[in-house]
Amino acid sequence: MKLTGKQLTIIVVAIAFIVMAIMTMVIDTEETGTTTTEQTASTEQQESKPDSVIVNEPLEGDPYQELDELIGLGAVKEEVKSLANFVKLQKQRQDKGLKTPKLSYHLVFTGSPGTGKTTVARIVARIYKDLGILKKGHTVETDRSGLVANYVGQTATKTNAIVDSALNGVLFIDEAYALVPEDASSDYGQEAISTLLKRMEDDRDKLVVIIAGYTNEMKRFIDSNPGLQSRFNRYINFPDYSADELTDIFKMYMKRNQYTISEDADTLLQEKLHYAVAHKDRNFGNARYVRNVFEKAIQAQANRLSDKKGLSERQLTEITYDDLIKAFK
């Protein structure tokens with residue numbers, strides 16, 4: 001069938017519109033930076049928790065002084081100092097040729113989130129370096145996601161790589177009980193534990209492991225494996241902070257970042273923190289909760305002053321009652 005010139009023109013115009021539409025869709029996709037495949041990958045990435053591995057090099061300074069300067073944690077400080085004193089004395093006995101008991105430097109930190117377990121682990125690593133137990137004194141901080149892989153045979157490789165990075169320092173495993181889920185009949189976490197226990201034996205002269213988590217869950221975790229029971233026999237409990245200690249922590253953040261607080265805001269801060277402690281649940285964040293309140297307060301201050309010019313130093317530094325009201329919402 002022959003087409004007339006008018007029909008050919010209509011067809012060409014239609015094809016042109018289709019091509020333009022397709023090109024527009026491609027450009028829109030490129031501008032947003034996601035294709036269908038990328039969107040799927042992005043969704044999968046959000047659903048699976050990324051590996052959590054943080055390497056902290058040892059800071060300069062006196063770790064014993066830093067321990068003393070921590071807010072609260074009186075019993076924790078005494079435990080760490082007692083451990084350090086014991087190690088020092090055993091080393092002196094060893095130097096004199098006297099018998100010394102076999103020591104385990106691995107530790108279990110128990111307590112709620114935000115009670116200073118990670119901070120103290122970093123300090124302990126530096127104390128161990130000072131005592132000659134560790135050569136480097138850095139910390140490698142991780143959790144289940146950093147040790148356990150998604151497929152058979154990969155967990156041992158992953159765990160060994162983390163241990164290698166922690167040699168001559170401290171491997172800190174937060175929420176370690178997640179390696180043995182209560183509701184899992186078979187889980188790759190057991191492979192991570194077996195690998196870790198072997199490395200703790202093979203590298204006993206250059207690896208210290210500190211595991212941390214809720215008190216009851218950590219007891220269940222340790223009791224789940226005789227190897228864990230034999231290697232982790234020193235427990236340090238981290239109590240929740242009191243309202244006054246949380247107030248001191250908030251003011252520590254202020255001092256570090258050059259902020260002040262108005263008198264009525266100071267009163268409100270204490271009232272709110274006493275209320276939060278009195279009504280806290282199991283998931284209360286302690287120092288993390290306070291840090292979040294502080295960050296929200298200075299954000300509220302920034303919003304309040306955003307339209308003002310020629311601000312004084314007091315205006316730039318002072319957290320007001322209204323700032324805190326917004327921060328606690």
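**Phe-238 and Phe-109**

Select Phe-238 in this predicted model. The residue has 1% relative accessibility and, being under 20%, counts as buried. Add Phe-109 to the selection: at 0% relative accessibility, Phe-109 is buried as well.

Display both side chains and compare the rings. Seven aromatic pairs are counted in the structure. In the pair formed by Phe-109 and Phe-238, the ring centres are 4.9 Å apart and the planes stand at 50 degrees, so the arrangement is tilted. Colouring by secondary structure places Phe-109 in strand β2 (residues 107-111) and Phe-238 in strand β6 (residues 235-238); the pair therefore ties together parts that are 129 residues apart in sequence.

**Tyr-177, Tyr-214 and Arg-282**

Next, select Tyr-177 and Tyr-214, a second tilted aromatic pair to examine, with 6.4 Å from centre to centre and 40 degrees between the planes. Tyr-177 sits in the loop between β4 (169-174) and α8 (189-202), while Tyr-214 sits in the loop between β5 (207-213) and α9 (215-223), so this pair ties together parts 37 residues apart in sequence. Both Tyr-177 and Tyr-214 are buried.

Keep Tyr-214 on screen and add Arg-282. Arg-282 lies over the face of the Tyr-214 ring, 3.9 Å from the ring centre.

**The aromatic cluster**

Now select Phe-250, Tyr-253, Tyr-259 and Phe-294 together. These residues form one aromatic cluster.

**The largest pocket**

Turn to the surface representation and centre the view on Gly-116, Lys-117, Thr-118, Thr-119 and Arg-122. Of the 45 residues that line the largest pocket, these lie nearest its centre. The space in this pocket amounts to about 1,300 Å³.

To trace the walls, colour β1 (53-56), α3 (63-69), α5, β3 (139-142), β4, α11 (243-256) and α13 (287-305), each of which supplies at least two lining residues. Helix α5 gives the largest share, with seven residues. Colouring the lining of the largest pocket by class shows 17 nonpolar, 14 polar and 14 charged residues.

**The second largest pocket**

Move the view to Lys-102, Leu-103, Ser-104, Tyr-105 and Arg-204. They lie nearest the centre of the second largest pocket, which has 22 lining residues and a volume of about 620 Å³.

Here the elements to colour are α4, α8, β5 and α10 (226-231), each contributing at least two residues to the lining. The largest share, four residues, comes from α4. The lining of the second largest pocket divides into eight nonpolar, seven polar and seven charged residues.

**The cavity**

Stay with α4 (74-95) and add α5 (117-130): each supplies at least two residues of the lining of the largest cavity. A search of the whole structure finds one cavity of 30 Å³ or more, and the volume of the largest is about 30 Å³. To display its walls, select Val-80, Leu-83, Ala-84, Val-124, Ile-127, Tyr-128 and Leu-131. By class, this lining comprises seven nonpolar residues, with no polar and no charged ones.

**Two threonine side chains**

Select Thr-159, in helix α7 (residues 155-166). With 1% relative accessibility, Thr-159 counts as buried. Then show the backbone of Leu-147, whose oxygen lies 2.9 Å from a polar atom of the Thr-159 side chain.

Continue to Thr-317, found in helix α14 (residues 313-317). Thr-317 has 18% relative accessibility; the limit for buried is under 20%, so this residue also counts as buried. A polar atom of the Thr-317 side chain lies 2.9 Å from the backbone oxygen of Glu-313.

**Glu-201**

Finish in helix α8, where Glu-201 is found. Its relative accessibility of 33% makes Glu-201 partly exposed. Select Arg-231 as well and draw a distance between the C-alpha atoms: Glu-201 and Arg-231 are 9.2 Å apart in space and 30 residues apart in sequence.

Methods:
Residues numbered from 1 in each chain as written. Predicted model: local features only at pLDDT ≥ 70, side-chain atom pairs only at ≥ 80, totals over all residues. Heavy atoms only, no water. Phe/Tyr/Trp six-rings, centres within 6.5 Å; stacked < 30°, edge-to-face > 60°. Buried < 20%, exposed > 50% of the residue type's maximum accessible area, 1.4 Å probe, protein only. Lys NZ or Arg CZ within 6 Å of the ring centre and 35° of its normal. 1 Å grid on protein atoms, 1.4 Å probe; cavity = no way out; pocket = protein on both sides within 12 Å on 5 of 7 lines; lining within 4 Å. Points joined across faces, edges and corners; volume = space filled by probe spheres on them. Nonpolar A, V, L, I, M, F, W, Y, C, P; charged D, E, K, R; others polar. Polar contact = N/O pair within 3.5 Å; in protein donor to acceptor, adjacent residues only side chain to side chain.
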